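Thanks, everyone; I would like to walk through one structure this morning, taking its sheets in turn and then the ligand site. Please have the sequence and the model open as I go.

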Amino acid sequence: MDDKKRKLKALSDIASIDITLEFKEILQNILKIACETINAHSGTIMLVDEDTDEVRMAASYGLGQDYPERVHEAAREAGVPLTYSPSGCVLKTGKHYIVQNAFEEPSGKPWLHLTKEHGFSSIIFTPMKRESKVIGLLNVYMAEVHRFSEDEIDFVTIAASQAASVVQNARMCSRLKNNIQELEQYEGCLEDKVKNAYKELYESEERYRDLFENANDSLYIYNGEGYFKEVNNTALRLLGCTTEEIIGTHISEWITPESLNIAREDLQKRTAGEPVESPIILEVICKNGEHRWIEIRRRIIKDGDKVKEVHGIGRDITEKRMLEQELIESEVKYRDLFEKADDPMYTLDTEGYFQTINNAGLKALGCTKKDVIGSHISRWLTPESLRVSIELLQKQISGGDQLEQPPTLEIICKNGDHRLAEIRTRVIREGDRITGVHGIARDVTEKRRLEQKIQEYHETLKKSCEDLIEADRIKTEFISNITHELLTPLTSIRGFTELLYDETTGKINDGQKKSLQIILRNSDRLIRLIKDLLDVSHLEKNKFGMRFGLVSIGDVISKCMQDVQPQAKYKEITITQNISTLPSIWGDEGRLTQVITNLLANAIKFTPQKGTITVAAKENQNEVKISITDTGIGIPHDQLSRIFERFYQIDGSNSRKYGGAGLGLSICKSIVESHYGSIWAESDCNGSTFHIVLPKLECIKKTGL
Ligand code: ADP
């Protein structure tokens with residue numbers, strides 16, 4: 001095979017090297033083929049490190065692996081840069097460099113010992129280029145001094161170019177591999193990241209769902225047309241419905257028409273980017289028909305110009321609103337009460353300047369609101385009252401809220417009139433701070449005047465009463481004295497008249513007897529009257545001497561009936577009796593006789609001719625009841641209790657017709673009450689009945705009367 005053919009074959013061999021081999025092996029093969037083709041002593045392929053620019057051995061044919069290091073070492077020892085060497089020159093220029101005789105090459109001096117040691121003489125340094133960049137060197141060493149032919153140079157250059165391609169491809173492959181590896185790693189990472197992202201998304205979705213469902217406020221989402229897509233539990237609770245009952249329904253089913261308008265207007269403004277009021281307050285209709293007030297904050301989610309969703313947060317403010325409403329109503333009520341109150345009302349600030357005053361207050365002061373509001377309280381009070389009012393204010397500020405006795409202040413009206421007002425004040429607090437004083441006044445000018453008058457009347461009355469008591473005492477004393485004085489001569493007159501009438505002192509004719517009878521009757525009347533008067537005076541002085549003992553009340557009644565028999569007979573009055581067996585009672589027999597006789601005498605007196613008197617008596621559980629009924633003139637109902645008053649007679653003409661002084665019944669009442677009994681009268685068109693009730697002896701013992 002001629003030289004040319006060998007080189008072509010060699011190039012074909014180089015081209016058909018198995019590229020699946022390792023990169024270093026390929027370079028080794030290229031170098032080997034190149035060296036063998038031109039019968040070289042040895043050869044090297046050096047590559048420039050892409051990162052450090054250092055030259056490293058990539059393949060060696062006939063030279064040791066340490067050769068490049070030894071070249072470096074020799075350069076370092078010689079103190080010359082590597083670029084000074086032929087390799088350096090190729091790297092710099094990008095052109096091949098031929099050293100025909102290494103022993104004569106001046107730039108090869110530092111490496112001469114290596115040349116000798118390895119036994120080569122000529123060298124061709126060929127650049128391995130990729131585009132214009134030198135990426136390495138393919139060097140071929142000849143044992144003998146050799147003159148490289150053009151063909152050899154071309155061949156080595158082509159081999160170097162092939163090697164460069166291999167390097168380049170290998171580097172690209174390696175980069176590709178790295179990229180693929182990185183990609184694979186990245187893919188792995190990405191998968192993890194995606195997984196994590198999904199996990200986070202899921203967790204955040206969970207969190208969001210949890211927050212959404214368990215939020216204290218109602219949360220909801222509805223679409224651009226107003227149909228509910230989602231609502232949370234709070235919203236369901238508020239509306240009292242289930243998810244199925246609300247999802248897909250329109251908001252108009254759950255709010256009042258007015259609120260629907262508010263919501264729509266708000267949405268329109270938001271869509272147009274106009275300023276809106278937030279929150280809005282809507283009136284929601286629950287499933288059971290109840291209306292509730294909800295404060296709503298909304299956010300719209302747009303898809304282009306269209307509203308895609310409306311997200312809302314609602315807070316139930318029904319209770320708050322009701323309280324506010326109540327507050328407003330009570331404020332209105334309070335204001336109304338304040339303005340319409342009959343008593344003057346006002347508020348002062350802490351300095352004593354009027355802040356408000358009602359109509360009654362203005363009326364009392366005789367001025368307008370303009371005159372009072374902002375004026376100081378001193379303008380309307382006398383100096384003394386101002387002092388009292390300041391003291392009162394200080395007391396209240398320092399603790400005591402309400403004084404027990406409201407002070408009376410002297411007020412100066414606009415026209416200069418002075419009026420008296422009772423003032424009740426209360427400090428107004430905002431938290432711990434006192435912001436003013438609230439006062440209610442009551443005009444007591446007239447009341448005080450009346451009180452003054454009443455006091456004066458009281459004094460006068462007290463004086464009159466004392467005078468009357470004194471006069472009564474003198475009168476009673478007088479009656480007591482005079483009756484004694486009258487009774488003594490009258491008893492003597494009656495005694496002697498009786499002697500004359502009984503003819504003890506001698507015979508008298510019928511005319512004289514009649515006259516003496518009249519004297520005797522009238523003396524008796526006088527004596528009875530005087531005795532009654534004496535009794536009354538004794539009663540008044542509480543000197544009604546009683547002699548208590550066991551009294552057979554039945555006997556007393558019989559005796560009394562006998563005593564009045566002549567008078568009854570005189571008027572042809574029948575006295576009947578209905579008396580059961582009666583027990584003895586504890587009493588004064590004489591006084592009880594006086595009572596029954598008096599009642600019987602009255603019955604006879606006030607009963608016309610031929611009338612009837614019935615005396616009834618019976619024993620009850622605790623008492624003995626005696627009733628004397630007549631068929632007399634009767635007693636008007638309104639007088640039934642008054643007839644027991646002293647000197648009381650139903651009417652004057654009667655007294656003249658019937659005689660008497662109106663003392664008998666009052667004496668009877670005193671005697672009966674001294675026996676712990678009672679007396680009363682009943683009357684109808686048929687006549688009158690007088691009842692006496694006296695307690696039985698056992699009853700007196702039991703009760704300790
Ligand atoms: P007088 O001495 O006037 O009878 P009394 O105190 O006994 O005084 O009675 C007071 C008045 O009560 C009488 O004046 C009379 O008007 C009335 N009165 C008393 N008893 C009867 C009676 N049985 N029937 C009608 N009126 C009577």
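Before the hairpins come up, one term has to be fixed: two strands are said to pair if DSSP finds at least two bridges between them. What you are looking at is a predicted model, and I will keep to what was computed from it.

Let me begin with the sheet that holds the hairpin of β14 and β15. Five strands make up this open sheet, in the order β12-β11-β15-β14-β13, and their pairing is antiparallel. At its edges are β12 (354-357) and β13 (408-412), each of which pairs on one side only, and from one strand to the next the twist averages 35 degrees.

Within that sheet, β14 (residues 418-430) and β15 run antiparallel and are joined by 10 bridges. Close to the turn, Arg-429 has Ile-434 in β15 as its bridge partner, while Glu-430 stands opposite Arg-433 in β15. Which residue of this hairpin takes a positive phi? That is Gly-431, with a phi near 65 degrees, in a hairpin that has two residues between the strands.

On its other side, β15 (residues 433-443) pairs with β11 (residues 345-349) in the antiparallel sense over five bridges, and there the partner of Tyr-346 is Gly-439 in β15.

Two helices lie across β13, β14 and β15, and their directions are worth setting side by side: helix α13 (residues 383-397) runs at about 20 degrees to β14, whereas helix α14 (residues 445-501) runs at about 130 degrees to that strand.

Now to another open sheet of five strands, this one in the order β7-β6-β10-β9-β8, again with antiparallel pairing. Here the edge strands are β7 (228-231) and β8 (280-285), each pairing on one side only, and the twist averages 30 degrees from one strand to the next.

This sheet also has a hairpin, formed by β6 and β7 with four residues between them, and in its turn Gly-226 has a positive phi of about 95 degrees. The two strands pair in the antiparallel sense over three bridges, with Val-231 in β7 as the bridge partner of Tyr-220. Towards the other neighbour, six bridges join β6 (residues 218-223) to β10 (residues 306-316), which run antiparallel, and Ser-218 is matched with Gly-314 in β10.

As for helices on this sheet, α6 (residues 150-214) lies across β6 and β7, running at about 90 degrees to β7. Helix α10 (residues 318-340) packs on the sheet and touches β8, β9 (291-303) and β10, its direction making about 125 degrees with that of β9.

That leaves the ligand. It is surrounded by 21 residues, of which the closest are Asn-602, Lys-605, Asp-630, Gln-649 and Leu-665. By class, this shell has 11 nonpolar, eight polar and two charged residues. At least two shell residues come from each of α17 (589-605), α19 (664-674) and β22 (687-695), and α17 gives the most, with three.

Where do oxygen atoms of the ligand meet polar atoms of the protein? A polar side-chain atom of Gln-649 lies 2.7 Å from one such oxygen, a backbone N or O atom of Gly-662 lies 3.3 Å from an oxygen atom of the ligand, and a polar backbone atom of Gly-664 is likewise 3.3 Å from a ligand oxygen. Taken alone the ligand exposes 520 Å², and the protein buries 96% of that.

Note on methods. Residues numbered from 1 in each chain as written. Predicted model: local features only at pLDDT ≥ 70, side-chain atom pairs only at ≥ 80, totals over all residues. Heavy atoms only, no water. Axes fitted to C-alpha atoms, helices over the stretch in contact; angles between N-to-C directions. Contact = heavy atoms within 4.5 Å. Near = heavy atom within 4 Å. Polar contact = N/O pair within 3.5 Å; in protein donor to acceptor, adjacent residues only side chain to side chain. Areas by Shrake-Rupley, 256 points an atom, 1.4 Å probe, with all protein chains shown as cover. Nonpolar A, V, L, I, M, F, W, Y, C, P; charged D, E, K, R; others polar.
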